[in-house]
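Below are some points for a colleague who is opening this structure for the first time. They are meant to be read with the sequence and the 3D view side by side.

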Amino acid sequence: MSDLLASYEGILLNKLKSGDTSAFTVIFTKYYKSLVTFSFSFTRDSDLAEEIVQEVFLRLWENREQLAIKSSLKSFLLKSVQNKSLDSLRHTDIAGRYSSFVLAHPILSQNDTENYVLYAELQEKFNAAMLKIPEKYAEAFRLSRMENLNYQEISEKLGVSVRTVEVRIARALDSLHKELRDYLIALFLLLTAFFK
């Protein structure tokens with residue numbers, strides 16, 4: 001699996017280096033959204049995060065012929081976005097915020113950045129799956145798993161029996177399992193490949 005991913009990435013990079021715009025489009029489409037989310041974790045500014053990621057992709061295209069990527073393409077892009085995001089914080093009037101951020105959040109390693117993107121993708125899928133669950137089930141699930149209320153507390157808050165709370169949470173979990181099953185299998189295979 002790892003060799004297959006590396007081979008696919010190698011083909012994409014070779015096409016990119018030769019000026020193949022379709023290869024660039026595939027790379028851009030695959031990573032853009034997750035990279036914006038990653039940049040936002042530093043900048044806390046969605047417009048700036050998009051601008052940073054667009055600039056990283058612009059540089060990728062402009063410097064395609066000289067590309068010498070030693071790690072994976074994803075790691076290269078993550079590191080580029082991380083560096084650009086931190087540079088942006090350094091060179092604005094929020095130097096204090098930058099210093100505080102770096103003190104509170106050590107620079108992410110390669111594995112950390114890859115894990116962050118996987119987490120961001122999973123969070124996005126989870127949020128979409130939650131929207132498909134009937135609200136009464138989703139509400140009971142949120143109170144239990146996100147607000148850490150026990151079934152009795154949820155029962156009192158919603159004005160329903162404890163048994164009803166149990167049923168609603170069970171149905172929410174069942175729906176989430178069905179919605180996320182394929183994605184979680186793919187995620188497991190990807191993680192297996194990364195940490196082989």
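1. Ser144 counts as buried because its relative accessibility is 10%, and buried here means under 20%. This serine is found in helix H7, which covers residues 135-145. Setting aside residues up to four places away in sequence, Ser144 touches Leu149, Tyr151, Ile154 and Ile169. Please keep in mind, here and in every point that follows, that this is a predicted model.

2. As for the overall make-up, the protein has 9 helices and 0 strands, so that line of description is a short one: read from the N terminus, the elements run α-α-α-α-α-α-α-α-α. Of the 196 residues of the protein, 34% count as buried. Among the contacts between residues at least 6 apart in sequence, 65% join residues at least 24 apart.3. Which residues have the most contacts inside the largest nonpolar core? That core has 26 residues, and those with the most contacts inside it are Ile27, Leu35, Phe57, Leu60 and Leu77. The elements that give two or more residues to this core are helix H1 (2-17), helix H2 (21-43), helix H3 (46-62) and helix H4 (73-90). The largest share, 9 residues, comes from H2. There is also a second, separate core of 10 residues, which includes Phe126, Ile133, Tyr137 and Leu176.

4. Leu60 deserves a look of its own in the viewer, since its contacts can be listed by name: not counting residues up to four places away in sequence, Leu60 touches Leu16, Phe24, Ile27, Leu67, Phe76 and Leu77. One of these partners, Phe76, lies in helix H4. Phe76 is partly exposed, with a relative accessible area of 28%. Leaving aside neighbours within four places in sequence, Phe76 is in contact with Leu60, Leu67, Ile69 and Ser71.

5. How do H2 and H3 pack, in terms of what angle and what distance between their axes? The angle is about 145 degrees, and the axes are 8 Å apart, while the crossing in which H2 passes H3 is right-handed. On the H2 side the contact is made by Thr21, Phe24, Ile27, Phe28, Tyr31, Tyr32, Leu35, Val36, Ser39, Phe40 and Thr43. On the H3 side it is made by Ser46, Leu48, Ala49, Glu50, Ile52, Val53, Gln54, Phe57, Leu60 and Trp61. Sorted by class, the contact of H2 with H3 has 15 nonpolar, 5 polar and 1 charged residues.

6. Turning to charged pairs, side chains of opposite charge can pair when their charged atoms come close. The structure holds 5 salt bridges. Glu55, Arg59 and Lys84 are linked in a network of such bridges, and the pairs in the next two points can be examined one by one.

7. Two of the pairs belong to helix H9, which spans residues 162-194. Glu166 forms a salt bridge with Arg163, the closest N and O atoms being 3.3 Å apart, and these two residues lie 3 residues apart in the helix, about one turn. Glu166, at 30% relative accessibility, counts as partly exposed, whereas Arg163 is exposed, with a relative accessible area of 56%. The side chains of Asp174 and Lys178 also meet in a salt bridge, at 3.1 Å from N to O, and they lie 4 residues apart, again about one turn of the helix. Asp174 counts as partly exposed at 37% relative accessibility, and Lys178 counts as exposed at 51%.

8. Are the two partners of the bridge between Glu135 and Arg142 buried, partly exposed or exposed? Their side chains meet in a salt bridge with a distance of 2.6 Å from N to O. Glu135 counts as partly exposed because its relative accessibility is 48%, and Arg142 counts as partly exposed because its relative accessibility is 29%.

Notes:
Residues numbered from 1 in each chain as written. Predicted model: local features only at pLDDT ≥ 70, side-chain atom pairs only at ≥ 80, totals over all residues. Heavy atoms only, no water. Salt bridge = Lys/Arg side-chain N within 4 Å of Asp/Glu carboxyl O. Buried < 20%, exposed > 50% of the residue type's maximum accessible area, 1.4 Å probe, protein only. Core = buried A, V, L, I, M, F, W, Y, C linked by side-chain atoms within 4.5 Å. Contact = heavy atoms within 4.5 Å. Axes fitted to C-alpha atoms, helices over the stretch in contact; angles between N-to-C directions. Left-handed = near helix turned anticlockwise from the far one by under 90°. Nonpolar A, V, L, I, M, F, W, Y, C, P; charged D, E, K, R; others polar.
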